[in-house]
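Please follow the paragraphs below with the sequence and the model side by side. They move from single loop residues to a strand pair and then to charged side chains.

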Amino acid sequence: MSNPLLNSLKIAGIFLLTHYLSCVQISENENASSISYLYELDSASFEKQLRQVIEPFDSIAVIDIEGIPVIISSFIRELYERNSYLPYWHEKEAYRTYLKNLKEIHLDGLIREDYNYMQLQHLFQQINSLDTTNHKLVAAFDLITTNSLLLFSLHLAKGKSDPVKLDPNWNYDFLKSNPGEVDTIYRYLSQGAFDQLFHAIRSRSEFYLGMRNTMIDLYEAKAANAWDSIDFEGINKIELGDSNQVVVAIKNRLNGLTKNAGNPIYDSSTIALVMDFQELHGLESDGVIGKGTMDALNYSIDYKINKVKANMERARWLVSDLDEKLLVVNIADFNAYLMQRDSILFSSKIMVGKTYTKTPIFQSVLSYAEINPTWTVPRSILNRSILPKLRKDRNYLAKSNMKLLNFDGSQASIDGVDLNSTSFPYVVRQEPGPKNALGLVKFIFPNDFSVYLHDTNSRYLFARNERTFSSGCVRLDQPLEWTRILLNDPKYDESAINELIESGKTKRLYPKEKIRIMILYFTHVTERKTGKPFYYKDVYNRDERILKVLNAPIDTQALINRVQQLKKSRNAI
């Protein structure tokens with residue numbers, strides 16, 4: 001099985017906007033005399049009108065210009081100061097290039113209406129319809145277009161939605177603003193190099209570019225009406241050798257019209273196609289067409305577009321240092337990966353939290369591994385699971401290799417304890433051994449959720465395709481291999497680790513290097529090397545919350561707050 005998240009990720013290598021924009025060369029206009037303009041301009045009149053709009057505001061303000069809310073900030077003022085209060089949108093080619101990019105913005109999962117696509121064209125028509133230049137209208141047009149560009153760039157680089165509002169647990173680094181951004185944006189604006197600007201932003205990550213390529217393919221399929229629903233009514237399962245006219249539709253869906261497309265027999269070559277399809281959709285790759293595969297075969301184009309759209313937004317949120325080692329957990333595809341730069345060093349299956357005990361999304365740094373761990377039962381599990389079993393059988397703790405402890409750590413006796421009382425002033429701890437819920441090893445990293453990575457004594461569950469079985473922690477397949485690789489220490493080779501386990505004693509082992517742990521949630525990725533799009537079940541129902549923000553009009557107050565935060569980050573550098 002391939003590892004699509006890490007094959008494509010380079011973990012969204014997003015640096016400061018200035019860093020990756022300033023590295024792109026912008027070509028100078030070769031022949032200024034060949035430039036055509038949108039309107040006749042009197043520079044003094046334009047400057048007067050522009051200053052009247054932007055200079056009365058010392059701090060960030062949203063003002064109405066021709067019915068369009070425009071953010072006036074120090075960023076806007078600095079941009080126009082650098083341009084000697086001349087217009088940025090005087091040349092026809094620059095304006096047309098920008099409109100072309102706005103027209104294609106759906107390929108980034110964004111909507112044109114947020115960036116005044118129709119209003120800009122209407123304003124341009126107004127300006128063009130007049131016999132003489134209306135410099136007030138021209139100044140408004142220039143400001144609105146510049147505001148549109150800045151907003152487009154902001155959302156493309158850093159996301160439209162606020163991940164903290166969607167998930168208060170979010171603790172990933174934000175892409176901060178930088179004092180040099182004004183100079184960088186000025187260079188692109190003054191040259192009208194908008195194709196280069198947006199390509200530079202998108203190219204921060206092959207991960208993101210892969211998703212965008214998938215989005216292009218999906219919209220092409222939608223335009224061609226190339227996705228009819230397959231009628232599976234009355235069919236429960238299709239296996240090797242079955243003959244059914246539905247098989248013809250399946251062959252056409254998976255491989256296009258071929259010389260065998262009219263053959264209704266479900267043969268071995270079709271099974272191979274179905275197995276690939278199942279893998280791409282996070283299904284058991286067994287070649288048997290059951291309900292899950294039937295549902296996936298009938299996912300609509302719009303369903304897949306929305307899936308990609310939500311995950312492009314997730315990709316825009318991330319900032320990472322490509323040189324450090326990363327242990328990436330993707331909850332939605334039930335796999336963990338150790339990577340450095342674009343190389344996968346190791347990967348394995350995982351189990352994650354149930355839908356009512358969801359594994360949180362956050363990042364941290366590995367502190368240590370613990371061999372033969374004890375397990376202090378969390379209070380929630382104690383109340384929900386352990387106490388009911390104890391009420392039925394007072395010997396349950398002894399049978400499960402558990403001890404009853406006072407809060408000071410001293411051992412208590414279960415005899416005489418009122419198990420029906422509303423209070424239970426004790427701690428339950430499970431000792432190391434084959435029955436221990438944490439298995440043979442656990443990995444600890446600071447967080448507010450009491451979440452860690454660990455082995456399990458229920459390893460048979462790794463054979464399941466959808467693995468939401470834990471109370472929030474992440475259970476690792478191949479835990480001893482993870483221990484050896486994460487410690488990366490010659491003295492803790494396979495033999496030494498096995499010897500420590502056989503001792504039965506609890507021992508902490510510390511990694512030799514910093515390893516950042518990123519617990520993420522991607523329900524779609526496009527594999528970087530092959531271009532294959534993978535779609536995973538939204539087990540925690542998180543996609544819809546992102547789509548709701550992406551499809552809604554911009555929240556003006558939230559945008560002001562965001563601009564203020566960016567201004568603070570610039571001033572702090």
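Asparagine 488 sits in the loop between helix H18 (479-487) and helix H19 (494-503), and in this predicted model its phi is near 50°, a positive value in a residue other than glycine. With a relative accessibility of 40%, asparagine 488 counts as partly exposed. A second asparagine can be described in similar terms: asparagine 401, which belongs to the loop between helix H17 (396-399) and strand E9 (402-405), has a positive phi of about 60° although it is not a glycine. Its relative accessibility of 31% places asparagine 401 among the partly exposed residues.

These loops belong to a protein whose secondary structure comes to 21 helices and 18 strands, and whose C-alpha trace spans about 95 × 70 × 50 Å along its principal axes. Of the 573 residues in the protein, 52% are buried.

A positive phi also occurs in a hairpin, the one formed by E1 and E2, where two residues lie between the strands and glutamate 66 takes a value near 55°. Strand E1 (residues 61-65) pairs with E2 in the antiparallel sense, over five bridges, and within this pairing alanine 61 stands opposite isoleucine 72 in E2. How far is strand E2 enclosed by the rest of the structure? Strand E2 (residues 68-72) is largely enclosed, because four of its five residues are buried.

Turning to charge, one may begin on the surface, where Glu239, Asp242, Glu284 and Asp286 gather in a patch of negative charge. One of these residues, aspartate 286, lies in the loop between helix H13 (268-280) and helix H14 (291-297), and with a relative accessible area of 42% aspartate 286 is partly exposed.

Side chains of opposite charge can pair when their charged atoms come close. The structure holds 24 salt bridges, and three of them may serve as examples. In the one between arginine 51 and glutamate 47, the closest N and O atoms are 2.8 Å apart. Because arginine 51 and glutamate 47 are four residues apart in helix H3 (residues 43-54), about one helical turn separates them. Arginine 51 is partly exposed at 29% relative accessibility, and glutamate 47 is likewise partly exposed, at 27%. These two residues also belong to a network of salt bridges that links Glu47, Arg51 and Glu55.

Another salt bridge joins the side chains of arginine 212 and aspartate 108, at 3.2 Å from N to O. This pair links distant parts of the chain, 104 residues apart, since arginine 212 is in helix H11 (residues 206-223) and aspartate 108 in the loop between helix H5 (92-103) and helix H6 (117-129). Arginine 212 is buried, with a relative accessible area of 12%, and aspartate 108 is buried at 0% relative accessibility.

The remaining example is the salt bridge of aspartate 167 with arginine 542, whose closest N and O atoms are 3.7 Å apart. Aspartate 167 lies in the loop between helix H8 (163-166) and helix H9 (181-191), and arginine 542 in the loop between strand E18 (533-535) and helix H20 (543-551), so the pair ties together parts that are 375 residues apart in sequence. Aspartate 167 is buried, with a relative accessible area of 11%, and arginine 542 is buried as well, with a relative accessible area of 10%.

How values were computed. Residues numbered from 1 in each chain as written. Predicted model: local features only at pLDDT ≥ 70, side-chain atom pairs only at ≥ 80, totals over all residues. Heavy atoms only, no water. Buried < 20%, exposed > 50% of the residue type's maximum accessible area, 1.4 Å probe, protein only. Patch = residues over 30% accessible without salt bridge, like charges linked within 9 Å, V, L, I, M, F, W, Y side chains within 5 Å. Areas by Shrake-Rupley, 256 points an atom, 1.4 Å probe, with all protein chains shown as cover. Salt bridge = Lys/Arg side-chain N within 4 Å of Asp/Glu carboxyl O. Lys, Arg positive; Asp, Glu negative; His and termini not counted. Charge placed at Lys NZ, Arg CZ, Asp CG, Glu CD. Pairing = 2+ DSSP bridges.
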